[in-house]
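I opened this notebook to record what I looked up on charged side chains and their surroundings. The entries follow in the order in which I made them.

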Amino acid sequence: MSSNPVGVDNTFRRKFDKEEYLERARQREREEKEEARKGKDKGPPVQRQPLKHRDYEVDLESRLGKTQVVTPIAPLSQQAGYYCSVCECVVKDSANYLDHINGKKHQRALGMSMRVERASLEQVQKRFESLKKRKDPGSFSEQDLDERIMKQQQEEEERKRQRKEKKKEKKKELAAQNEPEDIDPDVAAMMGFGGFGSSKK
């Protein structure tokens with residue numbers, strides 16, 4: 001006979017109420033469908049502006065080579081690195097800062113999409129005209145190019161001529177310094193030398 005009393009569950013296996021779990025699953029599915037429906041009914045999507053050319057200069061070099069004391073309790077704008085006031089974040093180096101400025105998160109915060117506006121023919125023609133006007137003062141013809149080449153060649157010849165003259169002057173100075181002074185031969189014989197033995201003149 002067994003020592004276990006009658007009526008006690010001694011199978012040690014968990015028993016699940018299948019109906020209860022099926023009801024929970026159905027409830028969860030209903031909630032997910034309602035959330036999906038609410039997400040679709042938010043209203044019309046936000047219309048963002050197309051990307052525009054940046055109208056300000058990005059300042060990457062103002063703090064170049066400067067030291068800064070970094071404290072953990074300092075506000076974000078005074079911490080080490082580049083601070084983006086639009087997104088309120090700090091980026092540690094200039095390359096990542098440029099990536100952040102040109103990135104999707106920053107552009108969305110500015111109210112722009114990552115799409116570029118399609119330019120019309122008139123806009124392209126106006127742009128070409130403005131670039132031509134900007135380029136005209138610095139433009140030159142083949143004649144200008146020939147004149148510049150001639151001028152450079154003349155300057156180079158002038159420099160060579162000046163170098164030659166300087167070398168000649170230095171040689172004359174060295175020759176004047178090395179030339180023995182006129183010494184009386186009697187005095188030289190008394191001192192014990194007749195010359196320095198140099199055959200060069």
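**Entry 1: a pair in helix H5**

I began with Glu158, which forms a salt bridge with Arg161, the closest N and O atoms being 2.3 Å apart. The model is a predicted one, and I read each distance below as a computed value. I then looked at where the two partners sit. Both Glu158 and Arg161 belong to helix H5, three residues apart, about one turn of the helix. For the helix itself I noted the range of residues 142-178. The two side chains also appear as a polar contact, again at 2.3 Å.

I next asked whether Glu158 is buried, partly exposed or exposed. Glu158 has a relative accessible area of 34%, so I entered it as partly exposed, the class between 20% and 50%. Arg161 has 39% and is likewise entered as partly exposed.

**Entry 2: a second pair in helix H5**

I turned to Glu155 and found a salt bridge with Arg159, the closest N and O atoms being 4.0 Å apart. How far apart are Glu155 and Arg159 in helix H5? They are four residues apart, so about one helical turn separates them. I recorded Glu155 as partly exposed at 40% relative accessible area, and Arg159 as partly exposed at 39% relative accessibility.

**Entry 3: Glu23 and its network**

I moved to Glu23, which forms a salt bridge with Arg30, with 3.5 Å between the closest N and O atoms. I then checked which residues are linked with this pair. A network of salt bridges links Glu23, Arg26 and Arg30. For accessibility I wrote down 39% for Glu23, which is partly exposed, and 41% for Arg30, which is also partly exposed.

To place these pairs in the total, I searched the whole structure and noted seven salt bridges.

**Entry 4: patches of charge on the surface**

Which residues form a positive surface patch? I listed Lys160, Arg163, Lys164, Lys167, Lys168, Lys171 and Lys172. I took Lys164 from this patch for a closer look and found it in helix H5. Its relative accessibility is 59%, and Lys164 counts as exposed because the class begins over 50%.

I then looked for negative charge. Glu29, Glu31, Glu32, Glu34 and Glu35 gather in a negative patch on the surface. Of these I followed up Glu31, which is placed in helix H1, residues 18-40. Glu31 has a relative accessible area of 40%, so I entered it as partly exposed.

**Entry 5: the chain as a whole**

Lastly I looked at the chain as a whole. How many helices and strands does the secondary structure come to? I recorded six helices and four strands. Along the sequence, I read the pattern as α-β-β-β-α-α-β-α-α-α. I also noted how much of the chain is buried: of the 201 residues, 8% are buried residues.

**Entry 6: recap**

For later reference I set down the main items again. In helix H5 I have Glu158 with Arg161 and Glu155 with Arg159. Lys164, from the positive patch, is placed in helix H5. In helix H1 I have Glu31, which is one of the residues of the negative patch.

Definitions and conventions: Residues numbered from 1 in each chain as written. Predicted model: local features only at pLDDT ≥ 70, side-chain atom pairs only at ≥ 80, totals over all residues. Heavy atoms only, no water. Helix = DSSP H or I, 4+ residues; strand = E, 2+ residues; numbered from the N terminus. Buried < 20%, exposed > 50% of the residue type's maximum accessible area, 1.4 Å probe, protein only. Polar contact = N/O pair within 3.5 Å; in protein donor to acceptor, adjacent residues only side chain to side chain. Patch = residues over 30% accessible without salt bridge, like charges linked within 9 Å, V, L, I, M, F, W, Y side chains within 5 Å. Areas by Shrake-Rupley, 256 points an atom, 1.4 Å probe, with all protein chains shown as cover. Salt bridge = Lys/Arg side-chain N within 4 Å of Asp/Glu carboxyl O. Lys, Arg positive; Asp, Glu negative; His and termini not counted. Charge placed at Lys NZ, Arg CZ, Asp CG, Glu CD.
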